[in-house]
Amino acid sequence: MDEIQAHKEEIAEGHGGFAFLDKLPNSRKILLLLILCLALFLDSFNTSALLPALPAISDRVGLSFTQSAWLLAGYQLTFASPLLISGRVTDIYNPKWVFTLGAFIVAIFSLVSGFIRHGVILIVLRAIMGIGAALTIPSAQHIIVHLFRDPTQQARAIALFGAMGALGNVLGLIIGALFVSFVSWPWVFYFSAIVAFAVCFGTAVLIPDRRPSASSSSEPAASKFKRLDILGATLFAATLILFIFSLTSSSLVGWGSAQAIVPLVISVFTMLSFFIWEAYIPESHAAMPPRIWRYENVKILTVIALVPFMWLGSIFPLYSWLWETVYDWPAIKTGVHFLPIALSSPPGLVVATYLQSKVPLKVINIMGFAFMVIGTILLPFGDSEERYWRFNFPGFSMATFGLAIVYVTANVGLLANTPPEISGIVSAMFMAMCQTGGAAGVAIVSSIQASVEARKGGPLVFDGRAAGLWYLVAFTATMMLLSVVFMTSSKPAVASNQGVMSDRDSAHSSVTRAEFVGDTKTVDMTQTPSSA
């Protein structure tokens, strides 16, 4: 009994002693949450704000159109690839300093980027910024999970966190256009640096230093390092780098080139090697323990995570190019016409958060997909400036309302159905799938568009874009069907969260921190983690 009680106290103490965050004053918790949310805002901003600035930047630093695409793709590559190791480091070490380091890297290299006038160097600096951004997202969600232990509050906090990503996408376009039009393009980087420095300072001050619990501090440093699973994380990173590089290259030089095909083939082998390696090593040492996939709805929610960024990542470049190049709109007008995306996201997040305590996760998810499908169906008919208010405006509004529901349902559902002690890994999985979906969306839609335009009138007609939009309709409808077939609906998300919380605190649960750190001696491992 003494061993069981000691184990329960270790769990109650939380990973690295971070359970104490829940006891902070509410005002401090809310301020800290807003600062953490700025990290996701900044990650989205650092991509979307560059879209209106790319022509000016390319002209000044000597990049061609094809080369300038790597200012976006380089950031995306280095943001997605280290996410798993970032999540693992967050779960094993101190998430406060992982987050602070990431924000500091973004701040420093954003500031330096504003002074650079050499194309290749700027691409490299953007890539380093992506590494810093990758450190902030799993650590931010890990802190949020421990900051709000109550399931309802936790769902609201994660919803707000997700909303800042959508807000960053749209405001990035507008702010970037304002800087380019009225100041100069380096201010896109200076703005990012200012916000990142504020975020870095805020978390360093607002999160108290806490000595880890005796049980966690007694673990040797060598044992902690071994649990990082460097080989597994490297294979995962290589898979994402090769896959996203292949997709990006296909959108620039076509699917028939070796530059697109070879990395894609190699990525398949590295992915298989990753899962074989994770199944071979002890689960306590695995970067992505195979047991994760046995929790309720984790597999289907991970697949669904492809959807939000695939839709957004396809819509922004498609319409930005149409409105600015074909319709000859100024960048500011383009940004304003994207506002329905920003304005429709918060209501969707509020609705999803409210329903998660009352309605099964499956029902909420299917409702979100229904809005996405109906809204996206309207977009191919908005083939002229005059049809914006009739088709594009309601299409953007409905689709983004549904997208927000799908995003927060997948994110909250994954964190609710898995123990907080692995929230860094789970957050990394979710964001890696989001980024992969974004890269895949751009590559697939642009390939479809180019193929149709080669046969029907070229890039100045809407037929190619319409074909790409119909692909998004088909993909979203397919994901909705998969949700209907494979998702379980036994309990609302919050109830599921409470079940995981109670399981984690049970001496006979398999959902415990001990399982993931290798201390299985005091816990009965006979029960399965999945509950229908």
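Start by selecting L51, L72, G313, P317 and V442: of the 49 residues that line the largest pocket, these lie nearest its centre. Keep in mind as you look around that this is a predicted model.

Now colour the helices around that spot. Those giving two or more residues to the lining of the largest pocket are α2 (26-48), α3 (50-61), α4 (65-80), α12 (230-253), α15 (306-326) and α20 (423-455). Which element gives the largest share of this lining? Select α20, and you've got it: twelve of the lining residues come from there.

How big is the space you're looking into? The largest pocket has a volume of about 1,500 Å³. Try colouring its lining by residue class, and you'll get 25 nonpolar, 20 polar and four charged residues.

Next stop: the second largest pocket, with a volume of about 410 Å³. Pick out F236, T239, L240, M271 and M433, which are the closest to its centre among the 17 residues of the lining. The elements to show here are α12, α13 (258-280) and α20, each giving two or more residues to the lining. Of these, α13 gives the most, with six residues.

Colour this second lining by class too. How many of its residues are charged? There are no charged ones here, just 13 nonpolar and four polar.

For the last step, give domain 2 (229-286) and domain 3 (292-493) separate colours. Why does the second largest pocket lie between them? Because both domains give residues to its lining.

Conventions:
Residues are numbered from 1 along each chain as its sequence is written. This is a predicted model: local features need pLDDT of at least 70, side-chain atom pairs count only at pLDDT 80 or more; totals for chains, interfaces and linings use all residues. Side-chain values use heavy atoms; hydrogens and water are left out. On a 1 Å grid over the protein atoms alone, a cavity is a set of points where a 1.4 Å probe fits but cannot get out, and a pocket is an open set with protein on both sides within 12 Å along at least five of seven lines; lining residues have an atom within 4 Å of a point. Grid points are joined across faces, edges and corners, and a volume is the space filled by probe spheres set on the points. Helices (H or I, at least four residues) and strands (E, at least two) are DSSP runs, numbered from the N terminus. Ala, Val, Leu, Ile, Met, Phe, Trp, Tyr, Cys and Pro count as nonpolar, Asp, Glu, Lys and Arg as charged, and the others, Gly among them, as polar. Domain bounds come from an automatic or database domain assignment.
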